[in-house]
Amino acid sequence: MSEKKRTPKNIFVSGAISPEKIAQSIANHSSKTDIGGHSIFLGQVRADQKEGGSVVAIDYTAYEEMALEKAFEIREAIFAKYPLTCMHIYHSLGEVKVGEICLFVFTSSKHRRAAMDACDELVERIKAELPVWGKEILDSDGHVWKVNT
Amino acid sequence: MYNKINIKAFGMIAEKLGNTALEWDACEDTDGLRKELEARFPDLKEMKYSIAINKTLIVGNVRLPEQAEVALLPPFSGG
């Protein structure tokens, strides 16, 4: 399976990523018995206080074609760098309310270190390199553009 | 040479331009394009944005190939 040529996958999910999808994704790995460790990062929309009000949701947009090409490039680089068994990336598009999940990164390996380091690096690269934008919707009906730190 | 190029705009840039797509007179290079865009949309001068040609971020000044897909990208804020 790891010898199979990998092709770009759609990473985008419309709206929030449900806890059920995450649970199902974990369950899907039970047959891969060479895995010894999973690492999961979940990004959650935070109710930040802004000058114009507090954040109630983030509306995500993306340059989808470019983002998918970039995600594929990152994916290949991480697979080449770490001995991973599996890697999954899901990012929301459209509106995600505070408290809901907007990013799900999931790596698996034989031993924990590779999964953990790869997951970390993936999250950093996704946030820095994917052409995705978050518009933070405020309770005042105004909005501000999210800035990644 | 084609006399029009299609520009995609995203996030805060699309908001300032009032549109996610623009048809624009062809330019020699990206510096020329920036100059023309900023003349028509002065708000752009105050904003940080990158340019992608055919889905690849460019560095410095780059000649615009014919029928290029040009995109104006404000700082990314995914995740």
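In this predicted model, I7(B) has L22(B) as its bridge partner in β2(B). That pair belongs to a wider connection: strand β1 of chain B, residues 4-9, is joined to β2(B) by five bridges, and the two strands run antiparallel. Strands of a sheet pair through backbone hydrogen bonds, in either a parallel or an antiparallel manner.

The sheet of chain B is open and consists of five strands, arranged in the order β2-β1-β5-β3-β4, with mixed pairing. Its edges are occupied by β2 (21-25) and β4 (56-57) of chain B; each has a single partner strand, so one side of each is left without a neighbour in the sheet. Helix α2 of chain B, formed by residues 30-40, packs on this sheet and touches β1, β2, β3 (50-53) and β5 (69-73) of chain B. The direction of this helix makes about 110° with that of β2(B).

Attention now turns to chain A. Strand β2 of this chain, residues 37-44, contains L42(A). With a relative accessible area of 36%, L42(A) is partly exposed, because that value falls between the limits of 20% for buried and 50% for exposed residues. Together with I26(A) and I40(A), L42(A) forms a nonpolar patch on the surface, and the accessible area of the three residues together is about 220 Å².

Elsewhere in chain A, helix α3 spans residues 112-129 and includes R125(A). Leaving aside residues up to four places away in sequence, R125(A) touches I74(A), A77(A) and L130(A). Between R125(A) and D59(A) there is a separation of 66 residues in sequence and, from C-alpha to C-alpha, of 21 Å in space.

Key: Residues numbered from 1 in each chain as written. Chains lettered and ligands numbered in written order. Predicted model: local features only at pLDDT ≥ 70, side-chain atom pairs only at ≥ 80, totals over all residues. Heavy atoms only, no water. Helix = DSSP H or I, 4+ residues; strand = E, 2+ residues; numbered from the N terminus. Contact = heavy atoms within 4.5 Å. Pairing = 2+ DSSP bridges. Axes fitted to C-alpha atoms, helices over the stretch in contact; angles between N-to-C directions. Patch = residues over 30% accessible without salt bridge, like charges linked within 9 Å, V, L, I, M, F, W, Y side chains within 5 Å. Areas by Shrake-Rupley, 256 points an atom, 1.4 Å probe, with all protein chains shown as cover. Salt bridge = Lys/Arg side-chain N within 4 Å of Asp/Glu carboxyl O. Buried < 20%, exposed > 50% of the residue type's maximum accessible area, 1.4 Å probe, protein only.
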